[in-house]
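Subject: Handing over the structure, with notes

Dear colleague,

I am passing on the structure we talked about, and below it you will find my notes. Please read them with the structure open beside you.

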Amino acid sequence: MAHGFGHALFIPQQVKPAEGSLYVFQNGAWQPVDGSQTYVTLATAQTISGAKTFSAAGIFSSTLQVDGTLNVTNGTEVLGTSGGAGSTLFMRGAAGNSRTLAFQTGTNYRWAFSCNSTAELGSDAGSAFELNAFTDAGGYIDTPILVARVAGGSVTLARPTKITNATASTSTTTGSLVNAGGFGNAGAMFVGGDATFQNPVYFGKTGSGTGGTFRLLNDGGTNQWYVGIPGGAGDKDYIMYDYTSTIERLRVTQSTGQFTWTGPGRFTGLTTVTDTTDSTSIATGSLVVSGGIGVAKRLTLDGATGKTLRIVNGVANAAVATTLGSVGPTGSTAGNPQGWMRVDINGTDRYIPYW
């Protein structure tokens, strides 16, 4: 073919791209992207703005921008190479919009990682990370994991969390779960082994009529005792409750410091009561006992002036005279006792006079 310059002009024969197919212009010719090729190399930035199907392997050495949906039907997708530099997959979107990586069965959601749509109001707030679960029909169930973006923000676990590692704890830095900070627990807590506390431990609830207790179980897991604050309205006392006998065995009243023990009490060591409240009746004093007292050895009392042994409900002299006959005085005259204190000695009543 001739032209004005007197030289021949050769035009390579081109293959016209077919409708509905994807072609790449490479090495001076249109190359079809289909199953007949091993791979396609795109060395410059490419934009795919419509629905396209890649049935062959592709190597993108520059930027691939997809403005629509990119469906990859091969069983394995690889980003980056084992000998190459690090790779990054960006999920971009404007603030206030979710950016999500979802897993489906068929066309129904199962799980979804998401940078959620909470507003970014400054100070690193918003766009929290979350893991969402879905039903068989693809409906939302809950968010088992939610992580706040701000430094020091909370990690919220919305489901029971099990740690199957059985490493024993011998200090605050060992064990299956090590917590460097405080531990806040709103529900009941069961400890199957020994518990060692090196710092103050707080138990309780907030609100009127609530309390906090330790529950002590036997080997079968049955409640035996609980100790702590019972939880009555305004109650601040400390108690020990016997589940087996359904009796409150011990109560220490916060307002007065009064110590109340229900049931027989046995002290095997030295017991000292430092309260100095005087006794004016059988219901007052530093130590009040509603029943009898068994003393195996000597009972020593301070007999100094003002520190007397007070006997109440003593037997009047006239009544004792009738009982004792000639043994006792017949009247309350000068020098005679005013009454008698009944003493049981080996099961037999004896009387000690008093004036």
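A polar contact is a pair of N or O atoms within 3.5 Å, and within protein one of the two must be able to donate a hydrogen and the other to accept it. With that in mind, please look at Asp-142 and Arg-159, whose side chains are joined by a polar contact of 2.8 Å. Please also keep in mind throughout that this is a predicted model.

Asp-142 itself belongs to strand 10, which covers residues 140-147. If its neighbours within four places in sequence are left aside, Asp-142 is in contact with Leu-131, Asn-132 and Ala-133, and also with Arg-159.

Next, the pairing of the strands. Strand 7, made of residues 99-105, runs antiparallel to strand 8, and seven bridges join the two. One of the bridge partners to look for is Ala-112 in strand 8, which is matched with Ala-102. The hairpin of strand 7 and strand 8 has two residues between the strands, and in this hairpin Gly-106 takes a positive phi near 70°. Strand 8 is also joined to strand 9, again in the antiparallel sense, this time by five bridges, and here Trp-111 stands opposite Ala-133 of strand 9.

What did the aromatic rings show? A search of the whole structure finds five aromatic pairs. In general, a pair of aromatic rings is described by the distance of the centres and the angle of the planes. Tyr-109 and Phe-134 form a tilted pair, with 5.2 Å from centre to centre and 40° between the planes. Because Tyr-109 lies in strand 8 (residues 108-115) and Phe-134 in strand 9 (residues 129-134), this pair ties together parts that are 25 residues apart in sequence. Tyr-109 is partly exposed, with a relative accessible area of 35%, whereas Phe-134 counts as buried, at 18% relative accessibility. Phe-134 also pairs with Tyr-140, and that aromatic pair is edge-to-face, with 6.3 Å between the centres and 75° between the planes. Elsewhere, ring pairs link Phe-103, Phe-113 and Phe-129 into a cluster. A charged side chain meets a ring as well, since Arg-92 lies over the face of Phe-90 at 4.9 Å from the ring centre.

Two backbone angles deserve a careful look. Most residues other than glycine have a negative phi. Ser-127, however, has a positive phi near 50° although it is not a glycine, and Ser-127 is found in the loop between strand 8 and strand 9. Thr-246 likewise has a positive phi near 50°, and its place is in the loop between strand 14 (238-242) and strand 15 (247-252). Are these two residues buried or exposed? Ser-127 counts as buried, at 6% relative accessibility, while Thr-246 counts as exposed, at 55%.

Further along the chain there is an open sheet of five strands, with the order 12-13-14-15-16 and antiparallel pairing. Strand 12 (213-217) and strand 16 stand at the edges, and because each has a single partner strand, one side of each is left without a neighbour in the sheet. Neighbouring strands of this sheet are turned by 15° against each other on average, with direction ignored. Within the sheet, strand 13 (residues 223-228) and strand 14 pair in the antiparallel sense over four bridges, and Trp-225 has Asp-242 in strand 14 as its bridge partner.

Lastly, please find Phe-259, which is part of strand 16 (residues 259-261). Phe-259 has a relative accessible area of 51%, and because exposed means over 50%, Phe-259 counts as exposed. Apart from its neighbours within four places in sequence, Phe-259 is in contact with Leu-250, Arg-251 and Val-252. The C-alpha atoms of Phe-259 and Val-288 are separated by 9.6 Å, with the two residues 29 apart along the chain.

With best wishes

Note on methods
Residues are numbered from 1 along each chain as its sequence is written. This is a predicted model: local features need pLDDT of at least 70, side-chain atom pairs count only at pLDDT 80 or more; totals for chains, interfaces and linings use all residues. Side-chain values use heavy atoms; hydrogens and water are left out. Buried means under 20% relative accessible area, exposed over 50%, partly exposed in between (1.4 Å probe, protein chains only). Contact means heavy atoms within 4.5 Å. Rings of Phe, Tyr and Trp (its six-membered ring) pair if their centres lie within 6.5 Å; planes under 30 degrees apart count as stacked, over 60 as edge-to-face and the rest as tilted. A charge sits over a ring if NZ of Lys or CZ of Arg is within 6 Å of the ring centre and within 35 degrees of the ring normal. Two strands pair if DSSP finds at least two bridges between them. Axes are lines fitted to C-alpha atoms, for helices over the stretch in contact, and angles run from 0 to 180 degrees between N-to-C directions.
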